[in-house]
Amino acid sequence: PSASPVHKVSFEFCCFRLTFTQLALFTASKMRVFDVLHSRPGLDATQVAHEIKASVKGTECLLEACVSLGLLEKYQKPMYENSDLARRFLRSDAPLSLQGYIQHCNELVWPLFSHLESAVREGTNQYEKAFGRKSDDLFQDAYYSRHEVKLRFMKAMHSMAKITGKAVATAFDLSSFKTACDLGGCTGAMAYEFTKAHPGLSVTVFDLPGVVDMCGHFRPRDADNRVSFVTGDFFKDELPKADLYILARILHDWPDEKVHTLLSKISDACTPGCGLLVSEIFLDEDRRGPCRGLLQALSMSQGKQRSATEYSLLLKSHGFTAVHVRHTDNLLDTLLCIKE
Ligand code: SAM
């Protein structure tokens, strides 16, 4: 109430801008605007409208909004082409394309967040309200219930792993490890980054059968035969033997009881000297940031976002010590610990 008119206006502008930025980005991406302008740069609004099968008026508004957000460039006539940002991250065949992640956010995360008020009131995930079905395990009941939803989720994980993988894989000197197991390694994108960064390392990706069945879709052309895949449930099945276990973006999905079950299985599979590398967003110790972690927590999944100290304590309780923490300048932070 005491905010000055200027602050109120800029706060409202910020809310307005955030909401509409996402909607414009999701819609342009879903309607293939960035792909169309990649294959035919310099089209005008009428030509783009024809390509994406939309009204000229609507297309013009969408293109102008994208220009204002720096996603497109506009030249005289007016003609449009992708900005450098769109060329690098928004066209579907870019090596670091975020299309999969954008689609996942549009179809799954956005509907969940549109029930945020109920999520906050109830302290629970709003999957049932958003999609009309109950989900106890988001992976098995929701993401993997239908083929196209599973593929979309895998594409999302793949695109994020390609963006973050190198920073995670090179955060520590791992030259003393010869075999690694990437638990919940999904498409193998992270595993390929580890083998690229560490010539002496082989990585087994361990994930649910429905995921491993589809990993062929994501195999890079220059795929390394040092990456292999094994199916299983990491809460129930025996884990592959390895010198180093990797948990990238796994633990935040689960409550402490499930984390203890998983860490206890990893600890049992480890011999002294084995490593465990955990990669997550680490919350600041005073929980004031980073906002991408704190905002993600609002999804009210059954898991939780934790600080490096919270992760270290969980790990220590399973015999992992010598915890080294690296805050990378990428989206994920990384911690390496060793089994006593
Ligand atoms: N580690 C990957 C990365 O960083 O891109 C993927 C992270 S994704 C958030 C979580 C992964 O855990 C998915 O690939 C999912 O299939 C896998 N997963 C979930 N529950 C699992 C289970 N019970 N056993 C094995 N894998 C599981």
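Helix H2 (33–39), helix H4 (56–68) and strand S2 (79–82) are among the elements that cover the buried residues of helix H3. The model is a predicted one.

**Helix H3**

Which residues of H3 are buried? In this helix, residues 45–52, they are Ala45, Val48, Ala49 and Ile52. These four lie on the same side of H3, because they cover an arc of only 105° around the axis. The spacing fits a general rule: an α-helix has 3.6 residues a turn, so residues three or four places apart point the same way.

Both ends of H3 have a local feature. At the start, a side-chain oxygen of aspartate 44 comes to within 3.2 Å of the backbone nitrogen of threonine 46. After the helix comes lysine 53. The phi of lysine 53 is positive, near 55°.

**The ligand site**

The ligand has 19 residues around it. Tyr144, Gly184, Asp207, Ala248 and Arg249 come nearest. By class, the shell holds 13 nonpolar, two polar and four charged residues.

Polar contacts to the ligand include these:

| Residue | Protein atom | Ligand atom | Distance |
|---|---|---|---|
| Glycine 184 | backbone N or O | nitrogen | 2.8 Å |
| Aspartate 207 | polar side-chain atom | oxygen | 2.6 Å |
| Phenylalanine 234 | backbone N or O | nitrogen | 2.8 Å |

How much of the ligand does the protein bury? Taken alone, the ligand exposes 590 Å², and the protein buries 97% of that.

Glycine 184 and aspartate 207 thus appear twice here: they are among the residues that come nearest to the ligand, and each has an atom listed in the table.

Definitions and conventions: Residues are numbered from 1 along each chain as its sequence is written. This is a predicted model: local features need pLDDT of at least 70, side-chain atom pairs count only at pLDDT 80 or more; totals for chains, interfaces and linings use all residues. Side-chain values use heavy atoms; hydrogens and water are left out. Buried means under 20% relative accessible area, exposed over 50%, partly exposed in between (1.4 Å probe, protein chains only). Helices (H or I, at least four residues) and strands (E, at least two) are DSSP runs, numbered from the N terminus. The arc is that of the directions from the helix axis to the C-beta atoms. Contact means heavy atoms within 4.5 Å. A polar contact is a pair of N or O atoms within 3.5 Å; within protein, one must be able to donate a hydrogen and the other to accept it, and residues adjacent in sequence count only if both atoms are side-chain atoms. A residue is near a molecule or strand if one of its heavy atoms lies within 4 Å of it. Accessible areas come from the Shrake-Rupley method with a 1.4 Å probe; for residues, only the protein chains shown count as cover. Ala, Val, Leu, Ile, Met, Phe, Trp, Tyr, Cys and Pro count as nonpolar, Asp, Glu, Lys and Arg as charged, and the others, Gly among them, as polar.
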